[in-house]
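Student: I have a model open and would like to go through it with you. Can we start with a single residue and work outwards?

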Number of protein chains: 2
Amino acid sequence: MIQNLTDHDREHLQEALGKSGQKVTPQREAVFTVLLAQRDHPTVDEVFNRAREVMPGLSLATVYNCLETFVGCGLVRQVNHERESTRYCPNLAPHAHFRDKETGRVHDIELPAEVMKSLRSILPPGFDSEVIEISFHGRAQAKDSSPSN
Amino acid sequence: MIQNLTDHDREHLQEALGKSGQKVTPQREAVFTVLLAQRDHPTVDEVFNRAREVMPGLSLATVYNCLETFVGCGLVRQVNHERESTRYCPNLAPHAHFRDKETGRVHDIELPAEVMKSLRSILPPGFDSEVIEISFHGRAQAKDSSPSN
DNA sequence: CTTGCGGATTAGACTCATTCTAACTGTGTT
DNA sequence: AACACAGTTAGAATGAGTCTAATCCGCAAG
């Protein structure tokens, strides 16, 4: 079920959009709500379908737009695996992704600061990295992993 | 300039293909030659264009087929960055990739065994990973980086 | 009010990397 | 010679994502 945003989350949305001079709109709120309601790294299509349940007139283009906006103001992260459809993730803490070969499901893997540091240290001088993406690909023991919010 | 394969490289190709029950063909040899001649992580299109100089009748579909075959028998690695075209890399040693924001060029970054190990160690029990992809994204000081084999 | 402005949304056309299909080629086999 | 079969080929099909042009909506100025 898709619940409404908590005041706290709405404020978060409000603030992040505001900072880059953009507004909260019903569509953006709906899309953001969907992302928070089920943190399973949905594709654009999945977000679209879920959001439609709550806002039937919503268009796919708008979902693309909203997600792009959110990425732009740091509200969500894009997750790409090989050439599959892009997925979206509202987890802001630095983390890696694990993609289950069997189910296709994506799990967040916590990334300790010291590992991040050792990773950064392998860059030769002259290389300056803003983003580090780490993704694992393999099998995960099924232990239900849909922490719904 | 695209040179011929050394005996050593031809043997390598031969062996890897043979192991998975496949043959060396002129097209496969041409594509492999292109990959070794200029280790700059070319896209399929780039491989296609380079290989055509040497084998004008070669078709794009074949380039896709050859590259897929090579990936299948462990001769080359695929490199994906966001949703850009897939690139191919004949460097077999474990390494990370650095994509230059400005030039779009991809650089190999050596990956020390101990960093690999610490990465593997962040996986919670039950997660079993075969492939780890690490990619950096940022700016690299231009210091000509086309080590043509 | 009502007019006008600008950002947001919309449907549908478009792009383009990749995959698929069905015909063809070349080589080795019975 | 006829066959089998992997590999190759051109072109059609797919599908995620982007673009375009029209419309909508909230708000500020007149």
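Student: Is A:Asp40 buried, partly exposed or exposed, and why?

Tutor: This is a predicted model. A:Asp40 counts as partly exposed because it has 16 C-beta neighbours inside 10 Å, where 20 or more would make a residue buried and 12 or fewer would make it exposed.

Student: Where does A:Asp40 lie?

Tutor: A:Asp40 is in the loop that joins H2 to helix H3 (44–52) in chain A.

Student: How far is A:Asp40 from A:Asp108, in sequence and in space?

Tutor: The two are 68 residues apart in sequence, and their C-alpha atoms are 9.3 Å apart.

Student: Next, H3(A). Which of its residues are buried?

Tutor: A:Val47, A:Phe48 and A:Ala51 are buried in H3(A). Viewed down the helix axis, the buried residues of H3(A) fall within an arc of 100°, so they line one face of the helix.

Student: And what do the buried residues of H3(A) pack against?

Tutor: They pack against H2, H4 and strand E2 (87–89), which belong to chain A.

Student: Step back to chain A. How many helices and strands are there?

Tutor: Chain A has 5 helices and 5 strands. Starting at the N terminus, the order of elements is α-α-α-α-β-β-β-β-α-β.

Student: What box do the C-alpha atoms of chain A fill, and what percentage of its residues is buried?

Tutor: Along the principal axes, the C-alpha atoms fill a box of roughly 50 × 40 × 30 Å. Of the 149 residues in chain A, 24% are buried.

Student: What share of the contacts in chain A comes from residues 24 or more positions apart?

Tutor: Taking contacts in chain A with a separation of 6 or more, 59% are between residues 24 or more positions apart.

Student: On to the two chains. How many residues of chain A are in contact with chain B?

Tutor: On the chain A side there are 31 residues, in contact with 31 residues of chain B. Strand E4 (106–110), helix H5 (113–120) and strand E5 (127–140) of chain A each supply at least two residues of the side that touches chain B. The largest share comes from E5(A), with 14 residues.

Student: What is that side made of, by class?

Tutor: The side of chain A that touches chain B has 14 nonpolar, 9 polar and 8 charged residues.

Student: In which sense does E5(A) pair with strand E5 of chain B, parallel or antiparallel?

Tutor: The sense is antiparallel, and the pairing runs over 13 bridges. One of the bridge pairs is A:Val131 with B:His137 in E5(B).

Student: What turn and shift lay chain A on chain B?

Tutor: A turn of 180° with a shift of 0.0 Å along the axis lays chain A on chain B at an RMSD of 0.0 Å. The two copies are therefore related as by a two-fold rotation axis.

Student: Which residue of chain A comes closest to the rotation axis?

Tutor: That is A:Ile134, with its C-alpha at 2.3 Å from the axis. The same surface serves both copies, since 100% of the contact residues of chain A recur in chain B.

Student: Change of topic: DNA. Which residues are closest to DNA strand C?

Tutor: There are 19 residues around DNA strand C, and the closest are A:Thr25, A:Gln27, A:Ser59, A:Thr62 and B:Thr86. Helix H2 (26–37) and helix H4 (60–72) of chain A, along with helix H4 (60–72) of chain B, each supply at least two residues of the surface near this strand. H4(A) has the largest share, 4 residues.

Student: And the classes near DNA strand C?

Tutor: The surface near DNA strand C has 6 nonpolar, 10 polar and 3 charged residues.

Student: Which residues come nearest to DNA strand D?

Tutor: A:Thr86, B:Thr25, B:Gln27, B:Ser59 and B:Thr62 come nearest, out of 19 residues around DNA strand D. Two or more residues each come from H4 of chain A and from helix H2 (26–37) and H4 of chain B. H4(B) gives the most, with 4 residues. The surface near DNA strand D has 6 nonpolar, 10 polar and 3 charged residues.

Student: Last one, in chain B. What do E3(B) and E4(B) form?

Tutor: They form a hairpin with 5 residues between them. Strand E3 (residues 95–100) and strand E4 (residues 106–110) of chain B pair in the antiparallel sense over 5 bridges, and B:Ala96 stands opposite B:Ile109 in E4(B). In the turn, B:Gly104 has a positive phi of about 75°.

Technical notes:
Residues numbered from 1 in each chain as written. Chains lettered and ligands numbered in written order. Predicted model: local features only at pLDDT ≥ 70, side-chain atom pairs only at ≥ 80, totals over all residues. Near = placed C-beta within 6 Å. Nonpolar A, V, L, I, M, F, W, Y, C, P; charged D, E, K, R; others polar. Contact = placed C-beta atoms within 7 Å. Pairing = 2+ DSSP bridges. Least-squares fit on C-alpha atoms with pLDDT ≥ 70 in both. Arc of directions from axis to C-beta.
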